[in-house]
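Here's a friendly tour of one model. Have a look at the structure first, then read on.

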Amino acid sequence: MVGPKTHLLPLLLFLSALSFFSYYHSSLLISLSNPNPNLILHPQISNFTFIIKVLAYNRLDSLSRCLRSLAAADYLSDRVHLHLHIDHFPLAEDDPDRKLQESRRILDFVDGFEWKFGDKVVHYRTQNVGLQAQWLEAWWPSSDHEFAFVVEDDLEVSPLYYKYLKNLIVNYYYNSSNSRPYIYGASLQRPRFVPGKHGNKLQLDDSTRLFLYQLVGTWGQLLFPKPWKEFRLWYDKHKAKGIKPILNGMVTTGWYKKMGEKIWTPWFIKFIHTRGYFNIYTNFLHERALSVSHRDAGVNYGKTAGPDSHIFDESSLDLKFWDMQPLSDLKWYDFCFREIFPERVVVSLDELGSILDSVQKHNTVIVVSLFGAKEMIIRNLLCHFETLNMLNYVLIGPESELLFDLARRGHPVIATNRFLESVGAHKLISMKHSHVHMINEILVKVYVLQKCLQSGYSSWMVDGNMLPVSSDAFVESDHSYDFYIGKTSEFFFAGGLSSTRKVWDDDFISKFAMMVNSFLVTRQSISFGYVMAEILEQKKGVRVKNLDETSFGVRIDNSRVNQSLGDGKQVAFWSHDMASDLVQQRLQELGIWTVDDDFSCKAVICHQS
């Protein structure tokens, strides 16, 4: 099984945001201004350990071919250890004498097999445990500098595989300016499979040598230590609580329902989906790969299917083979093989303009405020955006671990504080006020709204307490008004017509700030919608409509929901002070709570590009 280009925020600037995760390599980092593998194939990395984990069962010919290919590789004079994990045959099987003889032949072979590059360790099990336990129990990293390369016994590797992996580790794990904690390893198999149902066809142009893909590869997978430990602990927790790795919309979930605990990949896929992690893949021409599965008869294949690819050897080398491009130049794909663009964090007006141009759909942008919203409510909202294929949105919120986590998963976000500093907004209103978060939210909304209008885009301003349940929820159908203002929520719409832009003169933001300052003298709380309503009321000839949200949505409150989402209802909404657990309960009653206990979407929904 196998499994952006342009970042608006400069790479070094975003690295400061990653301090929220406190997940970086604080020692033994190699500073590389140019990640050129020809210069760094022999880095001096103390404590670096590379272990090959070979998973075997009862296929002596396959194992022999696999070990011969491993022994023929170039290991650069490094110490590389070989660990063989040999599963036992089921004790209840017929003809135990024949099974014992097969096992003895395998053990005699591995005992006599010479491994001159490091330690050879053989683990022969006392009972049959199957493929899941073979994988999961094969490795627990002893340090953050120990790496495992896992191969099943019907694999064959290229003589170049280790040099390539070592180069990749140096460039994407130890290079501090080119590593990410959410990359969990690298697969050397040829990419062929898209697990998301109705996903895009796996197509890559000939110039793409490396890319990132969420799917794990089981035919030659390099594992990084920290993510693997995370997975094992996550697995233990979910297994102990009886939680199954069900991820709707995935082909692999069907495999799990059929094969159960015989396979391990649905567990790892569910973990990766929860965390939003990625795997590095290679893409070589002419169906070549550094690791090839011969797909011999066994657990995965009822009969031998033959090699899936051609081995990449030295005769296939070209000048670009060793190139390791910066992560910022690589493409990233999710389980649907849809390209995503991580780390889109807006901190300036120019960056905002680029983001709006890239996300707008039919000249419309949805601006979602996350201020005051709980994480599980935000995650549920974004799951609905994915389900409805609503991609024309940008998120605004306070700078936090959550905001940057959303950005690295591909959601475009505006880092409010830094954005307002870059546009000089703090000169307009004193930030010493006790309600600084409220003021920041109001100001960032008005700047984003202005940029939308200047770009000719209609904009919908909504808070995290409004959940779309229809793809038509934020589609303008009545052009007889320039602005819509919600009666009870922060719902606001501004059309992208020229008549709307005329209202927005050069000093609109200054006037807006003056009104905010005046309100703060006499009021403890104000909102963007309230200020906009007041300022638009002073404008002559402006077409404004106060909109009753119940005309197109269902309001939920402390009472049990007694109405459905039918009859043209396009959103559900609630008050800001409603308890989040009660919101969850009401949304569950309506059948629109779509996240699990990990705050992860219960399903992968693919929309073909």
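What follows covers a helix pair and the nonpolar cores.

## Ground rules

This is a predicted model, where local features need pLDDT of at least 70 and side-chain atom pairs count only at pLDDT 80 or more, while totals for chains, interfaces and linings use all residues. Residues are numbered from 1 along each chain as its sequence is written, and side-chain values use heavy atoms, leaving out hydrogens and water.

## H9 meets H13

Let's start with helix H9 (residues 349-359) and helix H13 (residues 436-454), which pack at about 55° with axes 10 Å apart. Helices here are DSSP runs of H or I, at least four residues long, and strands are E runs of at least two, numbered from the N terminus. Axes are lines fitted to C-alpha atoms, for helices over the stretch in contact, and angles run from 0 to 180 degrees between N-to-C directions. H9 and H13 are therefore oblique to each other (not under 35 degrees, over 145, or 65 to 115).

On the H9 side, Leu349, Leu352, Gly353 and Leu356 meet Tyr447, Val448, Lys451 and Cys452 of H13, contact meaning heavy atoms within 4.5 Å.

## What H9 tucks away

Glu351, Leu352, Gly353, Ile355, Leu356 and Val359 of H9 are buried, that is, under 20% relative accessible area with a 1.4 Å probe, protein chains only. Among the partners of H9's buried residues are strand E16 (364-369), helix H12 (416-423) and H13.

## The cores

The largest nonpolar core (buried Ala, Val, Leu, Ile, Met, Phe, Trp, Tyr and Cys residues joined through side-chain atoms within 4.5 Å) has 99 residues, and Phe50, Ile52, Leu70 and Tyr161 touch the most other members. Helix H5 (residues 161-174) gives this core its largest share, ten residues. Another core, of 50 residues, lies apart from it and includes Ile355 and Phe508.
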